[in-house]
Amino acid sequence: MTTTLITGATKGLGLETARRLTAAGHTVYLGARDAGRGAEAAAALGARLLLIDVTSDDSVRAAAEQVRAEVGHLDVLVNNAGISGGRKPPGEVTASDMRAVYDTNVFGVVRVTHAFLPLLADSGAPVIVNVSSGMGSLAVTTDPARFESTLLGLAYPSSKSALNMITSQYAKAYPAIRINAVDPGYTATDLNGHRGTQTVQEGAEIIVSGALVSGARAGHLPAVPPGGRGPIGGSIT
Ligand code: NAP
């Protein structure tokens, strides 16, 4: 039985990923920072609730201890929790705005990965999927043919660029763990006021593929064709 943790799984892409992986037979820990909404979502899917706020060392530590006590290991970690930080023009963004976004999108991933690496080490086939974005890609955001090149932002795009490099470095440091960053594409969720052009079913597809990967080398899932949706792994620059 594959044991999987998805952070930020109360709604949006995380919830849809939890639905798909539960249906695929995984024992899913549905990560939530709100106990009520988390319990409701977990019950609806037949998943287990795991209270986890990725910005809190204590919360993340307690979550890892719970999984250790209940299962003893973790097979798949999906670092999905993320925030946009709003839509201020770059010139108005403060260091404090940046810190808030990084605390979730960057430090949150490191906090959770650091806490769960010992549990992943006890898996026979460990996998980490970091939910990144084309907005973190220098190539995509400077390509006039790509929609992402029309969006301006400081905190969110740079947080995802940092996440891409963090993913690459973890992948090199832990060749026994299949570690990839994935881009769901522009998806209608609360994160973007539901302006995204894809459904959560479409967006979650690449996250689910990353979680189910078996043959790909760490950091090198096959890239999508040029202009296509969802560059992943080594294809994010
Ligand atoms: P969403 O619907 O707003 O969901 C975000 C999830 O993250 C929620 O469950 C939220 O919990 C959780 N979260 C936020 N801060 C957290 C924290 N400190 N601790 C734990 N959980 C926290 O957004 P989404 O679009 O599904 O985003 C999921 C991921 O996909 C993010 O990493 C995002 O950057 C990425 N992504 C999204 C798109 C897109 O177009 N939607 C495109 C590319 C990448 P609450 O319910 O408690 O707020």
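Let me start with the crossing of helices α4 and α7, which is right-handed in this predicted model. The axes of α4, residues 95-105, and α7, residues 155-173, come within 9 Å and cross at roughly 40°. That makes α4 oblique to α7, because an angle counts as roughly parallel only when it is under 35 degrees. If you would like to find the contact on the structure, look on the α4 side for Asp 97, Met 98, Val 101, Tyr 102 and Asn 105, and on the α7 side for Ala 155, Tyr 156, Ser 159, Lys 160 and Leu 163. By class, the residues of this contact divide into six nonpolar, two polar and two charged.

Now let me step back to the whole chain. Its secondary structure comes to eight helices and six strands, and from the N terminus on the elements run β-α-β-α-β-α-β-α-α-β-α-α-β-α. Buried residues make up 50% of the 237 residues in the chain. If we take the contacts with a separation of 6 or more, 64% of them are between residues 24 or more positions apart.

The second helix pair is α3, residues 57-70, with α5, residues 107-121, and here the axes come within 9 Å and cross at roughly 20°. That makes α3 roughly parallel to α5, and α3 passes α5 in a right-handed crossing. On α3 the contact is made by Asp 57, Val 60, Arg 61, Ala 64, Val 67 and Arg 68, while on α5 it is made by Arg 111, Val 112, Ala 115, Phe 116 and Leu 119. These residues divide into seven nonpolar, no polar and four charged.

Two of those names, Val 67 and Phe 116, come back when we turn to Leu 5, since both are in contact with it. Leaving aside its neighbours within four places in sequence, Leu 5 is also in contact with Tyr 29, Gly 31, Leu 50, Leu 74, Leu 77 and Val 78. In soluble globular proteins, nonpolar side chains tend to be buried together. The largest nonpolar core here has 53 residues, and those with the most contacts inside it are Leu 5, Leu 30, Val 78, Phe 116 and Ile 207.

Ile 207 leads us to the third pair, as it is one of the α8 residues in the contact between α1 and α8. These two helices pack at an angle of about 60°, with their axes 9 Å apart, and they are therefore oblique to each other. Their crossing is right-handed. From α1 the contact takes in Gly 12, Leu 13, Glu 16, Thr 17, Arg 20 and Leu 21, and from α8 it takes in Val 200, Gln 201, Gly 203, Ala 204, Ile 207, Val 208 and Ala 211. By class there are seven nonpolar, four polar and two charged residues in this contact.

I will finish with two loop residues. Gly 25 is found in the loop between α1 and β2, and is it buried or exposed? Gly 25 is exposed, because there are 9 other C-beta atoms within 10 Å, and a residue counts as exposed at 12 or fewer. Gly 25 and Met 1 are 24 residues apart in sequence, and their C-alpha atoms are 7.5 Å apart in space. His 194, in the loop between β6 and α8, is likewise exposed, with 10 other C-beta atoms within 10 Å. The phi angle of His 194 is near 60°, which is a positive value in a residue other than glycine.

Methods:
Residues are numbered from 1 along each chain as its sequence is written. This is a predicted model: local features need pLDDT of at least 70, side-chain atom pairs count only at pLDDT 80 or more; totals for chains, interfaces and linings use all residues. Axes are lines fitted to C-alpha atoms, for helices over the stretch in contact, and angles run from 0 to 180 degrees between N-to-C directions. Helices (H or I, at least four residues) and strands (E, at least two) are DSSP runs, numbered from the N terminus. Angles under 35 degrees count as roughly parallel, over 145 as roughly antiparallel, 65 to 115 as roughly perpendicular and the rest as oblique. A crossing is left-handed if the near helix is turned anticlockwise from the far one by less than a right angle, and right-handed if clockwise. Two residues are in contact if their C-beta atoms, placed from the backbone, lie within 7 Å. Ala, Val, Leu, Ile, Met, Phe, Trp, Tyr, Cys and Pro count as nonpolar, Asp, Glu, Lys and Arg as charged, and the others, Gly among them, as polar. A nonpolar core is a set of buried Ala, Val, Leu, Ile, Met, Phe, Trp, Tyr and Cys residues joined through C-beta atoms within 7 Å. A residue is buried if 20 or more other C-beta atoms lie within 10 Å of its own, exposed if 12 or fewer, and partly exposed in between; C-beta atoms are placed from the backbone.
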